[in-house]
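Grab your viewer and let's work through a few exercises on one sheet and its surroundings.

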Amino acid sequence: KRDLLELPPFAEIRFWWVVTTADSQTYQVPEVTITYRDDRFTWRTFAAEDVTVYWTGNDPDLGQAAWQVVQESRQTLDAMLPPTAVSPLNVYIYPSTGDLRTGLRLAGRDVVAGHVDPDLGVLLVTAVNSLTAVAELRQSIPHALTHLRLHQPEAAGMLPTWYEEGIALLAAGPDAARDDRVATAVATTATLPLPQLCLNFPTEPDQAELALAQSVSLLRTIQAQFGDQALRQLGTLYLEGVSCEAGLTQTLDMSLADLEVTWLDAQAPQPAWLT
């Protein structure tokens, strides 16, 4: 009964029957596995290697295009993240955010911070406009896959918000509005102190957006100056349960104060002659 057990969307359910006869003989039927799938839609399917893509609508090529985005995203994340993997991987592309959220709410779930709970173990994204679907997926798939990989297997400690959200946004690609927000904050000396990002990530919307923009910018600076291996080591330490500050200082061999100066220097406008 639903009031006794709320099944998360797309969960794999394993069940079997044990039958005891009147003369006390016991028989167990073979185990069966089914997937608790959202059946409000007629899903198209494209499967290759260990990835299966499900989508709706009339575009026959969207599944293969999404599969290709998954492969590209995996390569990007392999360079930046610790050696974690999600295999096999099931990807569901919903026609709208509203449809996705309705399915999640049946089990008391919702979209949080722009992504679906990675504990579900599947990739749930949307493609609203058929003309821009692939462009949407090039942002949403690497973002969602980052969260999924960082929670498979479950992390030993709480991943710092600035790192998890920042690395997901970094994987999703450039965002001019976010870069402008950082540039404005630097120019007006309104940036958030690095210890605040690390220990007290803001929740007020405007400050949270600035914090996310700074997080991406900081990770990009680390990547540019110390290489992808620094991002991988940072993720490894956080997955092992190392504190936010200790992960940074151990990886980069510098204090938070020195890292903040390095990051601010990297945001300074380039002289015209150097450009």
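Below are three exercises, each with a worked solution.

This is a predicted model, where local features need pLDDT of at least 70, side-chain atom pairs count only at pLDDT 80 or more, and totals for chains, interfaces and linings use all residues. Residues are numbered from 1 along each chain as its sequence is written, and side-chain values use heavy atoms, leaving out hydrogens and water.

**Exercise 1.** Work out the strand order of the open sheet and find its edges.

Solution. Start with the strands, which are DSSP runs of E with at least two residues, numbered from the N terminus. Two of them pair if DSSP finds at least two bridges between them. The order is β5-β6-β7-β8, with mixed pairing. β5 (44–48) and β8 (123–126) each have a single partner strand, so one side of each is left without a neighbour in the sheet.

**Exercise 2.** Describe how β5 joins β6, then say which helix packs on β5.

Solution. First, β5 and β6 (residues 51–55) run antiparallel, joined by 5 bridges. One bridge pair is T45 with Y54 in β6. Next, helix α1 (residues 62–80), a DSSP run of H or I with at least four residues, packs on the sheet and touches β5, β6 and β7 (89–94). Touching means contact, with heavy atoms within 4.5 Å.

**Exercise 3.** Is T52 buried or exposed?

Solution. Locate T52 in strand β6. Its relative accessible area is 17%. Buried means under 20%, exposed over 50%, and partly exposed in between (1.4 Å probe, protein chains only), so T52 is buried. Leaving aside residues up to four places away in sequence, T52 touches T45, F46, A47, L89, N90 and V91.

Note on methods. Axes are lines fitted to C-alpha atoms, for helices over the stretch in contact, and angles run from 0 to 180 degrees between N-to-C directions.
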